Amino acid sequence: MTNALLLTGAPGSGKTTIIREELSQFNLSAGGFYTEELRKGTTRTGFKITTLDGTSATLAHVDIDGPPRVGKYGVDLKSLEQIGVPALHNAIKNRDLVIVDEIGKMELFSDSFQKAVMEIVESGKPLLGTVMLKSHPWADKVKELNGVEIISLDKTNRENVRQRIVNWIGSIYGIESPDKTQYMFT
């Protein structure tokens with residue numbers, strides 16, 4: 001059985017958006033975090049991490065000195081380890097579903113993040129998230145674990161991916177109908 005559903009795709013393909021949209025269709029107890037772009041006008045200046053309970057901090061920014069660095073962005077591991085990782089631990093213990101957006105280059109600089117992701121997968125707790133498209137030794141290891149399903153998202157399969165997420169969440173709770181209106185949980 002798939003206990004982790006991870007979307008992958010090119011940057012800007014809408015992975016985070018589709019997870020947020022589909023999650024909003026359900027009344028689930030979910031925890032974890034999202035990453036979002038920071039912009040100044042039309043220029044991307046960095047990324048912030050936001051937990052599902054609303055706590056946020058800068059994850060990476062052009063004005064942060066590195067290392068570590070990913071391209072032009074310095075990564076603030078302290079923010080990830082003080083906000084993101086505890087949100088994952090809390091979700092493992094207290095939520096029905098864990099959201100991890102994303103398992104990517106910036107996050108993989110953190111050993112505690114890597115350990116938290118492995119704890120989630122090994123716990124059997126349902127995990128919905130995103131994972132980097134490019135090959136990375138640790139991310140590739142996660143992609144190959146038992147119980148992990150990888151779905152590539154692109155502009156041609158958006159509706160199919162939406163339906164796959166709905167069906168997966170429905171299967172976790174024993175609902176056979178693909179009708180979204182029947183997928184409201186408390």
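Which element gives the largest share of the lining of the largest pocket? I will come to that through the sheet, then return to the pocket. A word of caution to start: this is a predicted model.

The sheet, then. It is open and has 9 strands, in the order β5-β6-β4-β3-β2-β7-β8-β1-β9, with mixed pairing. At the edges stand β5, residues 69–70, and β9, residues 148–152; each has a single partner strand, so one side of each is left without a neighbour in the sheet. As a reminder, strands of a sheet pair through backbone hydrogen bonds, either parallel or antiparallel.

Take β2 and β3. They run antiparallel and are joined by 8 bridges. If you want to follow the register on the screen, phenylalanine 33 sits opposite threonine 51 in β3, and leucine 38 sits opposite glycine 46 in β3. The two strands make a hairpin with 2 residues between them, and glycine 41 in the turn has a positive phi of about 70 degrees.

Next along is β4. It runs antiparallel to β3, with 5 bridges between the two. One pair to look at is isoleucine 49 with its bridge partner in β4, alanine 57. This hairpin has 4 residues between the strands, and here glycine 54 takes a positive phi, near 100 degrees. For background, most residues other than glycine have a negative phi, and most peptide bonds are trans.

There is a cis peptide bond in this model, between aspartate 101 and glutamate 102, with omega at about 20 degrees. Glutamate 102 belongs to strand β7. Please keep that residue in mind.

Now the helices. Helix α2, residues 77–94, packs on the sheet and touches β2, β3, β4, β6 and β7; its direction makes about 150 degrees with that of β2. How do α2 and α3 cross, and within what distance do their axes come? The axes come within 10 Å and cross at roughly 10 degrees. Angles under 35 degrees count as roughly parallel, so α2 is roughly parallel to α3. In the contact, α2 provides Leu80, Glu81, Val85, Leu88, His89 and Ile92, which meet a set in α3 that includes Phe113, Ala116 and Ile120. By class, that contact has 7 nonpolar, 3 polar and 3 charged residues.

Back to the pocket. The largest one holds about 870 Å³ of space. It is lined by 29 residues, and the closest to its centre are Pro11, Lys15, Arg44, Phe47 and Glu102. Glu102 is the residue on the cis bond with aspartate 101. The elements giving two or more residues to the lining are α1, β2, β3, β7 and β8.

That brings us to the opening question: the largest share, 4 residues, comes from α1. Which classes make up the lining as a whole? There are 10 nonpolar, 9 polar and 10 charged residues.

That is the tour, from the sheet to the pocket. I will leave the structure up for discussion.

Definitions and conventions: Residues are numbered from 1 along each chain as its sequence is written. This is a predicted model: local features need pLDDT of at least 70, side-chain atom pairs count only at pLDDT 80 or more; totals for chains, interfaces and linings use all residues. Side-chain values use heavy atoms; hydrogens and water are left out. On a 1 Å grid over the protein atoms alone, a cavity is a set of points where a 1.4 Å probe fits but cannot get out, and a pocket is an open set with protein on both sides within 12 Å along at least five of seven lines; lining residues have an atom within 4 Å of a point. Grid points are joined across faces, edges and corners, and a volume is the space filled by probe spheres set on the points. Ala, Val, Leu, Ile, Met, Phe, Trp, Tyr, Cys and Pro count as nonpolar, Asp, Glu, Lys and Arg as charged, and the others, Gly among them, as polar. Two strands pair if DSSP finds at least two bridges between them. Contact means heavy atoms within 4.5 Å. Axes are lines fitted to C-alpha atoms, for helices over the stretch in contact, and angles run from 0 to 180 degrees between N-to-C directions. Angles under 35 degrees count as roughly parallel, over 145 as roughly antiparallel, 65 to 115 as roughly perpendicular and the rest as oblique.
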